[in-house]
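Me: I would like a close look at a single part of this structure, with the strands explained one step at a time. Please take me slowly through how they are arranged.

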Amino acid sequence: MAVADVVRTTLGPRGMDKLIHDDKGNTTISNDGATIMKLLDIVHPAAKILVDIARSQDSEVGDGTTTVVLLAGEFLREAKPFIEDGVHPQNLIRSFRTASYMAVEKVKELAVSIEGKSLDEKRSLLAKCAATTLSSKLIGGEKGFFATMVVDAVVAIGNDDRLNMIGIKKVPGGTMRDSFLVNGVAFKKTFSYAGFEQQPKKFLNPKILLLNIELELKSEKENAEIRLSDPLQYQSIVDAEWNIIYDKLDKCVKSGAKIILSRLAIGDLATQYFADRDIFCAGRVAEDDLHRVAAATGGTVQTSVNNVIDEVLGSCEVFEEKQVGNERFNIFSGCPSGQTATIVLRGGADQFIEEAERSLHDAIMIVRRAMKNSTVVAGGGAIDMEISRYLRQHARSIAGKSQLFVNAFAKALEVIPRQLCDNAGFDATDVLNKLRQKHAQSSSGEGALYGVDINTGGISDSFANFVWEPAVVKINAINAATEAACLILSVDETVKNPKSESAQGDAAGMGRGRGGGGMRGGRGRGMRRR
């Protein structure tokens, strides 16, 4: 419970942020459930399960991490009185599983597909999903601006799902509004040698050669020993070294490439050689940036300069070096295969930009999921209320104990709208009553879309207000939370290995202290078994 209480307040558009301070003195400000869970130092074994589900939700869907932890905590809270009354946990687990299966079916039934719409319509729909995700984050104030940016980025990478195709570069300074999207690749200007400034900084339709070799004079690696009988021979050996590198450089130039990027160093000799021939080069480009350039421009990374043919060269419409804040950025735009995009984020403080990056990551994941699964449900607690109502109704038709358990499951689902109200400072009981009434009279189905209206403190039609989330988020959240709750319920006692404990000395004493104290005065709730 203590873990769930930590992230409880971060849910929703009015959610608070957490400032987490670790031993190393790093501070992280975050609203993302998974990030918070990762950074909490949790000792209690059962509580670790909650961290895992938050992480799995993060990697699978990207958003809804807080939701998952809250639901699992709430399922356990509802189960607690039954367990105390001596109900066998297996009965509870069975009912919870059935209930979750039905809940997921109901979500699928209520989901609205966005397939078959024109691209523009789809874009605006996806932007609404992104805006819903972003509304609970720090950058919620600019959600319209960022939502369109995210959608453009995801549409740009098309069907290629690899997330690392969307690069996010952080540049402190400026305001959030100065952030921009590059339809292509952008990376910081790399370390450069003399002669770099003579190189042209802008090209139209250049050919791009990507290398994985260093272009500089290399001394012999293996302790080679050369014996000379005649001092004149020494010169020929030095010449040989120079010939080798000149030969390499010459081949690069002959290939017709105008931009040469290498993952390893490009020395000063090479830099000047290229500058004389109006070629731009950059050495020590980070590996993922190089791969992104390769994907965007259609080039392939070469490990040798011999036999460089046109097929391995990439190309793009415009290459330029631009000043962003106090950094110079190399920007490739208008790429033919267009499978990549880069978002350059600006903002005042470092922590702020990092939180913005995490929020955008959530939004990007959501848009990707929505594009693939293309079904959305109403957010704002609407879908949770609807499932809750449906399960309650169904519970009445069950004979026996499990009726109570399914009811408990249904009640637990209401935690989402309740938390949304609490975080916004509304009277939760009041709003929930209105919602229940609205959903109850809607066997016809129009009330099924009503959720909490954050702005007025009443209820409103979430779907009409474009508070949407992909159905897959909810499905995954319900499944993961139920699994976690069942897992914790099915454990009847925790056994510690005494041997390892004595080895750690006071570790056990610390563990208890930390379990209670580490959760900011959680007083060890739910920690000790009575």
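Reply: A good place to start is one pair of residues, for in this predicted model glycine 184 stands opposite serine 333, which lies in strand S14. That pair belongs to a longer contact between strands, since S6 and S14, the latter covering residues 327-333, are paired in the antiparallel sense over five bridges. Stepping back, you can see that these two strands are part of an open sheet of four strands, whose order is S6-S14-S13-S7 and whose pairing is antiparallel. At the edges stand strand S6 (184-188) and strand S7 (202-204), and because each has a single partner strand, one side of each is left without a neighbour in the sheet. From one strand to the next, the twist of this sheet averages 25 degrees. A helix also belongs in the picture: H10, residues 287-297, packs on the sheet and touches both S6 and S14, while its direction makes about 155 degrees with that of S6.

For comparison, it helps to turn to another sheet, which is also open and is formed by three strands in the order S4-S15-S5, with mixed pairing. Here strand S4 (166-172) and strand S5 (180-182) are the edge strands, each pairing on one side only. S4 and strand S15 (residues 341-347) pair in the parallel sense over seven bridges, and within this pairing isoleucine 166 has alanine 341 of S15 as its bridge partner. Helix H11 (residues 350-373) packs on this sheet, where it touches S4 and S15, and its direction makes about 160 degrees with that of S4.

Technical notes
Residues are numbered from 1 along each chain as its sequence is written. This is a predicted model: local features need pLDDT of at least 70, side-chain atom pairs count only at pLDDT 80 or more; totals for chains, interfaces and linings use all residues. Side-chain values use heavy atoms; hydrogens and water are left out. Two strands pair if DSSP finds at least two bridges between them. Contact means heavy atoms within 4.5 Å. Axes are lines fitted to C-alpha atoms, for helices over the stretch in contact, and angles run from 0 to 180 degrees between N-to-C directions.
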